[in-house]
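Student: Please take a close look at one part of this model, the contact between chain A and chain C. How much area is buried there, and which residues and elements supply it?

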Number of protein chains: 4
Amino acid sequence: MPKKINVTVWNEEDENPKHQPAYPEGIHNAIAAFLKNDEQIGTLRTATQSQPEHGLTQEVLNDTDVLLWWGHVFHGMVSDEVVERVKQRVLNGMGLLVLHSAHASKIFSSLLGTNTHNLRWRENSERERVWVLEHNHPITAGIGEYIEIPESETYGEHFDIPTPDELIFVSWYSGGDIFRSGCTFKRGLGKIFFFSPGHESFRIYDMPQIQQVIKNAIGWAAPVAYPTLLTQHQKVSPEELYKKANVLE
Amino acid sequence: MPKKINVTVWNEEDENPKHQPAYPEGIHNAIAAFLKNDEQIGTLRTATQSQPEHGLTQEVLNDTDVLLWWGHVFHGMVSDEVVERVKQRVLNGMGLLVLHSAHASKIFSSLLGTNTHNLRWRENSERERVWVLEHNHPITAGIGEYIEIPESETYGEHFDIPTPDELIFVSWYSGGDIFRSGCTFKRGLGKIFFFSPGHESFRIYDMPQIQQVIKNAIGWAAPVAYPTLLTQHQKVSPEELYKKANVLE
Amino acid sequence: MPKKINVTVWNEEDENPKHQPAYPEGIHNAIAAFLKNDEQIGTLRTATQSQPEHGLTQEVLNDTDVLLWWGHVFHGMVSDEVVERVKQRVLNGMGLLVLHSAHASKIFSSLLGTNTHNLRWRENSERERVWVLEHNHPITAGIGEYIEIPESETYGEHFDIPTPDELIFVSWYSGGDIFRSGCTFKRGLGKIFFFSPGHESFRIYDMPQIQQVIKNAIGWAAPVAYPTLLTQHQKVSPEELYKKANVLE
Amino acid sequence: MPKKINVTVWNEEDENPKHQPAYPEGIHNAIAAFLKNDEQIGTLRTATQSQPEHGLTQEVLNDTDVLLWWGHVFHGMVSDEVVERVKQRVLNGMGLLVLHSAHASKIFSSLLGTNTHNLRWRENSERERVWVLEHNHPITAGIGEYIEIPESETYGEHFDIPTPDELIFVSWYSGGDIFRSGCTFKRGLGKIFFFSPGHESFRIYDMPQIQQVIKNAIGWAAPVAYPTLLTQHQKVSPEELYKKANVLE
């Protein structure tokens with residue numbers, strides 16, 4: 001039986017009707033609610049910026065296999081120390097799901113190296129169709145050919161990201177835009193999935209297909225293992241490496 | 001519990017001490033032997049060229065989730081009709097493991113579109129080190145930083161393949177060559193893994209690490225699902241598509 | 001001064017008002033017309049299916065640096081021998097531009113290995129916006145952020161191609177589809193660019209931006225050199241290779 | 001006639017016989033010496049850490065099309081402000097060549113997002129063979145199948161970088177290692193080339209093939225254009241965008 005996945009859902013805020021009008025209970029709690037009965041998940045936590053160390057102590061991170069990150073207007077208030085801690089944990093193997101406006105978060109731009117806040121956007125309640133480009137992929141299992149979102153916030157290219165390792169979804173908007181709305185990136189030992197659907201004004205996280213994508217992505221992003229590489233900027237010959245390595249034979 | 005994976009191991013020959021001197025039982029049987037107790041596997045078959053339709057009837061293929069292909073000197077004797085049948089099954093989602101000298105097989109070059117027989121080689125009993133480039137990947141789980149093969153056939157660049165979707169292994173040879181020895185490719189809905197270690201004169205398939213890579217790759221290549229896309233060169237609007245699609249809601 | 005590029009424009013037909021209603025002069029002639037004054041081009045030829053060997057003799061191919069391919073309804077009538085000859089020339093370094101409905105051509109599917117005829121389509125005179133994903137790329141120089149095509153044929157996903165080496169353009173259609181409309185692939189030594197805009201019923205090839213993309217792509221696809229690799233499936237040690245190679249020192 | 005390329009060669013030190021024993025004139029000066037007569041180059045500058053703002057003022061960067069970066073033991077002494085300035089210039093289109101031990105520089109890790117100082121190394125005067133994986137590529141024009149370096153510093157995997165956009169070179173070392181020694185990355189509008197050959201104790205930069213790779217890479221990394229994208233995190237409809245854009249028609 002595969003090991004259970006420990007998941008932490010992070011939000012820049014607690015409940016705040018002004019910034020999360022569609023989610024009076026807080027977006028982190030809305031996401032945690034549909035993950036609660038997911039059998040692949042072990043410990044399920046939420047954490048928010050208002051907590052000490054934003055709720056992301058080294059202990060919490062060490063016990064987290066996949067971290068979900070939601071942020072919108074307070075990216076600048078996240079401490080650089082916590083961002084660096086999360087980053088090193090991702091490079092050591094923890095999975096990271098970057099949701100919607102978290103494209104502009106410090107942790108995402110720090111891992112990708114580009115100005116990820118740069119994209120085009122408007123709030124116009126347009127229709128969004130999230131087309132699947134990668135079929136037979138763990139993240140799109142059970143989704144069909146596209147997801148229809150009746151009303152959404154529009155994101156448009158050019159989105160300043162490196163070429164994704166895999167381009168999973170591309171969205172169509174009725175106003176004339178397309179957007180790379182689902183992208184995977186591997187950085188260090190960690191797997192990252194960016195998924196744009198999920199505005200604070202529409203209850204998109206209630207859609208079964210959106211929930212399925214997030215559950216699928218948690219399974220995909222969970223580390224196969226946390227290998228301890230011996231090649232940490234040190235002098236070591238292949239022979240020593242071979243002797244030390246925890247290999248099969 | 002995940003569905004069991006049906007596996008078929010194909011060889012261009014039956015037992016043949018001349019062409020498979022290290023494997024008097026036949027390479028397909030040697031591979032099947034170490035897969036026999038793999039719990040992820042359901043039906044385990046072997047098939048060879050001497051059988052009617054090379055043992056790869058439509059019925060067998062339809063019941064195969066991952067096909068392992070070993071060939072060396074008789075690539076030209078494989079019927080084009082069977083190659084096309086295997087190809088279409090891969091494009092529909094079946095996984096394919098291309099082993100060692102099968103780099104020159106019709107099925108591999110047909111799926112990749114290049115002259116995959118082009119590489120440099122010599123039989124000089126050199127040492128091979130198979131370095132892992134992708135850690136935290138299902139195919140390399142449990143392998144450590146490299147696999148040491150005391151005596152191997154040497155393959156060298158330039159190897160005429162398209163840029164792999166993922167470069168999993170690169171081999172070092174004591175004679176001065178490097179080689180992209182483990183590569184993944186996605187074609188249609190199917191996942192393909194090329195893995196070069198495994199000569200007919202050295203019992204490399206007895207090495208536990210090599211066996212682990214093959215087992216890992218079977219798990220990786222097994223289809224998540226066999227989706228029936230509606231977009232088979234037909235006129236259909238997104239609305240019709242949406243109605244017909246077997247989606248979640 | 002860089003070497004001039006020899007270009008051949010191929011069409012499955014000569015003039016045919018039934019199949020190319022918007023181009024009474026033949027699409028190959030319409031394309032050749034706007035290439036005529038391109039200073040980067042040396043010899044400019046056209047060739048059609050009705051000619052002996054479809055106009056693509058070994059001599060013509062050997063003197064062609066970039067081949068443009070337009071086909072629509074007569075893909076099946078192209079001889080396999082000519083397709084194989086073109087394919088080998090691409091693998092040896094010739095550039096190839098695959099235009100519009102040539103996605104279903106034998107040469108394209110043979111080089112990519114997938115069922116490239118599979119996509120969704122309709123003729124509905126919809127608006128198409130061809131969004132640029134790769135800025136600062138030779139193919140998109142001078143194009144701006146997108147190309148607006150007032151009336152177009154609609155192509156939609158899922159398009160059965162391997163993951164492109166570079167995804168240059170993604171099109172938006174007013175009817176609800178997106179499509180990977182500009183893709184690069186490297187196969188062997190040759191560079192391939194697929195570009196979907198260019199229907200037989202709309203004079204899209206008259207648009208200055210579309211002409212610019214094609215000119216840019218010719219410059220991009222032209223081979224840097226036609227290296228003669230020594231690694232053509234032969235036994236050769238690195239030392240021999242080094243002695244024989246035409247290297248700088 | 002193409003625009004000349006303005007090049008700046010940066011070094012963490014001036015002349016320093018202790019840290020650059022093989023280059024009493026300073027590595028930046030050794031590199032500038034062989035670039036001096038390169039006809040593609042316009043203004044050729046050097047800059048070092050000891051200069052005000054490390055010689056990389058906004059004015060210098062604005063007049064630089066391709067920056068070469070060499071550093072070894074003083075990465076930590078480079079000011080974060082200058083790093084950020086260089087980074088933004090790269091994201092706006094300037095090319096960047098990262099040479100040898102600059103893999104551990106702040107600018108490289110900041111653009112890639114990973115712990116790029118992590119690799120394995122030893123100084124053992126081993127033989128290095130730099131194998132070409134991408135033929136018919138601007139960076140490898142005229143190089144042949146590999147570059148032989150009689151004595152080199154050994155770098156080994158695992159090297160903590162994201163999957164390169166293109167893997168141009170892989171090195172073989174007589175001691176048993178392989179290393180991804182030539183990699184391209186695109187970040188924002190800028191092109192980055194990492195090239196590992198070039199130790200401070202061996203005059204590898206005197207080798208004609210190494211000089212050719214660097215010249216080739218300068219041509220490759222030079223921006224096609226510095227487009228001003230309108231999509232800088234602002235609200236703008238495609239229609240406005242189209243009107244404002246400096247497009248062809």
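Tutor: The account below describes that interface, beginning with conventions. This is a predicted model, in which local features need pLDDT of at least 70 and side-chain atom pairs count only at pLDDT 80 or more, while totals for chains, interfaces and linings use all residues. Residues are numbered from 1 along each chain as its sequence is written, chains are lettered from A and ligands numbered from 1 in the order in which they are written, and side-chain values use heavy atoms, with hydrogens and water left out.

The contact (heavy atoms within 4.5 Å) takes 22 residues from chain A and 22 residues from chain C. The buried area (accessible area, 1.4 Å probe, that two parts lose on being put together, summed over both) is about 1600 Å², and carbon and sulfur atoms give 61% of it. A:Trp131, A:Leu133 and A:Ile178 supply 33% of the area that chain A buries against chain C, more than any other three residues.

Between the two chains there are zero salt bridges (a side-chain nitrogen of Lys or Arg within 4 Å of a carboxyl oxygen of Asp or Glu). Six residue pairs, both at pLDDT 80 or more, are in polar contact across the interface (N or O atoms within 3.5 Å, one able to donate a hydrogen and the other to accept it; residues adjacent in sequence count only if both atoms are side-chain atoms).

On the side of chain A that touches chain C, the elements giving two or more residues are strand S5 (120-132), strand S7 (166-173) and strand S8 (178-187) of chain A (strands are DSSP E runs of at least two residues, numbered from the N terminus). S7(A) gives the most, with five residues. The residues of this side divide into eight nonpolar, seven polar and seven charged (Ala, Val, Leu, Ile, Met, Phe, Trp, Tyr, Cys and Pro count as nonpolar, Asp, Glu, Lys and Arg as charged, and the others, Gly among them, as polar).

Definitions and conventions. Helix = DSSP H or I, 4+ residues; strand = E, 2+ residues; numbered from the N terminus.
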